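Student: Please take me slowly through one part of this model, and tell me what lies around it. I would like each technical term explained when you first use it.

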Amino acid sequence: MTMHDPQRLRRLPGIDRLLAGAADVIARHGRHATADALRAVVDEARTSVLAGGAVPDDTTLLAAAAAYLEARRPPPLRPVINATGVVVHTNLGRAPLALQARAAMVEASGYCDLEFDLPSGQRGSRAARLEPLLCAATGAEAAFAVNNAAAALVLVLATLAHGRDVIVSRGELIEIGGSFRLPDIMAASGARMVEVGTTNRTHGDDYLAGDDAAAILTLHPSNYRIVGFVAQPSVSELAVVAAKRGVPLIYDTGSGLLQPTGGALKGEPAVAQALRDGADLVLCSGDKLLGGPQAGLMFGRRDLIEVCRRHPLARALRLDKLRIAALHATLQLYASDRRDEVPVWRMVTADTRGLLERSQRVVTALRTAGVAGEIIEGAGLPGGGAAPDTALPGPVIQLVVEHAAELVTTLRTAAPPIVVRVADGRVLVDLRTVEPADDEVLSDALAAAIAGDGGH
Ligand SMILES: *Cc1c(COP(=O)(O)O)cnc(C)c1O
């Protein structure tokens, strides 16, 4: 053991001397943070020297400070290859935007005519740019877009029902992710929630409860189903009750499906149909099945939309220029019958034959690299809390590996990161949610990761 020797401690450099040689670190992390990090590593070195360790040189201390800062620097958002088959994957950023929407965001990112009418030189309205497209897509009389669907609901309740009763079925007191719980949203908006019916059965007459009703609210149970002995009045039946009471019917459809659709999403409520069925206001998300940026969309009666638009909260919940640009471009695709250029739709409706061909190419490439994979019957999911009992059947690649958990971690930390699905210890790769242009990157990364894993 080396004895404590104050002479050795004195050989540790001062912070100023280290800073003088830290130009690269300062350029990346700033002078203040670099000085803090250097103090931390020199403190650590002092402890180590006191315990008999060697005195580190300046280069070592600078490298330690750089590593310290790197480890604490929150990484930026990184693009990820989503091979899970879950189309609207909340943890992976929900909807991948259409190329047109991405380009529109870049275009709008400098100065733009957000609230400026170029021909007249007068002040323009940011909302006016979206409303005609939203109305055209759904047949609504009026429409308005805010930050997200939760915000749309808060705004509508605060505007129409502050301090008054809102009637809602006990079967629809939904939670969507930890932070969207209907009773909490109601409370935050200042509306008084009047629960009616039971968990499994609610009838039209139940909605006659409440002395000071301001609205009837119905919500699509987008992420769960109640099955068995169940009853819930249809939207048209509720519209009759609401009209009888003289209050608006508000319908939160959730997913952002604008027009009714066939196929796997046949049962998903559409905004256009909800309006035809008599809902006075229909709310939905802009980034689930609509496939646009995060947004909350409100459609329906002009008088109701107008009071919501004028509420002070509308200003707090408004969209910025980037999302207006992306939403505009996405809606433009719907308006020109080019829904298939919205990635969410391309993925939800991807045909089996195309998926099979792509999967076969990937499996062949893997085999060439000495990796075994087979194609099985699998299923993707719409995701994002839309249609929880709806599978999107299609071919899926199953990888034959010994250490599934290790492989999944390796793939997640690859460049670019790849997220796959694991089921019963099997690793599943679903090309439904992969851009075809990424297939080759994906198969190369899979081959490298599995070879590195020593699996096969
Ligand atoms: C997803 C969802 C919401 C919340 O949407 P956000 O845009 O995430 O706020 C609200 N209501 C229903 C029925 C939903 O499915």
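Tutor: What follows is a close look at one sheet, then at the helices, cores and loops that go with it.

Before we start, please keep in mind that this is a predicted model, in which local features need pLDDT of at least 70 and side-chain atom pairs count only at pLDDT 80 or more, while totals for chains, interfaces and linings use all residues. Residues are numbered from 1 along each chain as its sequence is written, and side-chain values use heavy atoms, with hydrogens and water left out.

The domain assignment divides the protein chain into domain 1 (6-72), domain 2 (81-87 + 346-451) and domain 3 (99-341); such bounds come from an automatic or database domain assignment. Helices (H or I, at least four residues) and strands (E, at least two) are DSSP runs, numbered from the N terminus, and two strands are said to pair if DSSP finds at least two bridges between them.

Our sheet is open and has seven strands, which come in the order β5-β13-β12-β11-β10-β6-β9, and the pairing among them is mixed. At its edges stand β5 (142-146) and β9 (192-196), and because each has a single partner strand, one side of each is left without a neighbour in the sheet. From one strand to the next the twist averages 25°, where axes are lines fitted to C-alpha atoms, for helices over the stretch in contact, and angles run from 0 to 180 degrees between N-to-C directions. Looking at the β9 edge, we find that β9 runs parallel to strand β6 (residues 165-169) and is joined to it by five bridges; here Asp165 stands opposite Arg192 in β9.

At the other edge, helix α7 (residues 131-138) lies across β5 and β13 (296-300), and its direction makes an angle of about 120° with β5. Contact, when I use the word, means heavy atoms within 4.5 Å.

Let us go back to the β9 side and look at helix α9 (residues 182-189), whose buried residues are Leu182, Ile185, Met186 and Ser189. Those four cover an arc of only 100° around the axis, which puts them on the same side of α9, the arc being that of the directions from the helix axis to the C-beta atoms. Ala187 and Ala188, on the other side of α9, are exposed. Buried here means under 20% relative accessible area, exposed over 50%, and partly exposed in between, using a 1.4 Å probe and protein chains only. The buried residues of α9 are covered by elements that include α8 (149-161), β6, β8 (180-181), β9 and β10 (213-219), so three strands that you have already met in the sheet order, β6, β9 and β10, appear again among the elements covering this helix. After α9 comes Gly190, with a positive phi near 90°.

Next come the nonpolar cores, each of which is a set of buried Ala, Val, Leu, Ile, Met, Phe, Trp, Tyr and Cys residues joined through side-chain atoms within 4.5 Å. The largest one has 63 residues, and Leu297, Phe299 and Leu327 are those with the most contacts inside it. Its largest share, eight residues, is supplied by helix α14 (residues 321-335). Since domain 2 and domain 3 both give residues to this core, it lies between them. There is also a second, separate core of 35 residues, with Ala142, Ala150, Val154 and Ala161 among its members.

Finally, consider the two loops on either side of α14. In the loop between α13 (312-316) and α14 we find Asp320, which counts as partly exposed because its relative accessibility is 32%. Although Asp320 and Asn147 are 173 residues apart along the chain, their C-alpha atoms are separated by 8.7 Å. In the loop between α14 and α15 (343-348) we find Asp337, which counts as exposed because its relative accessibility is 74%. Asp337 also has a positive phi of about 55°, although it is not a glycine. This deserves a second look, because most residues other than glycine have a negative phi.
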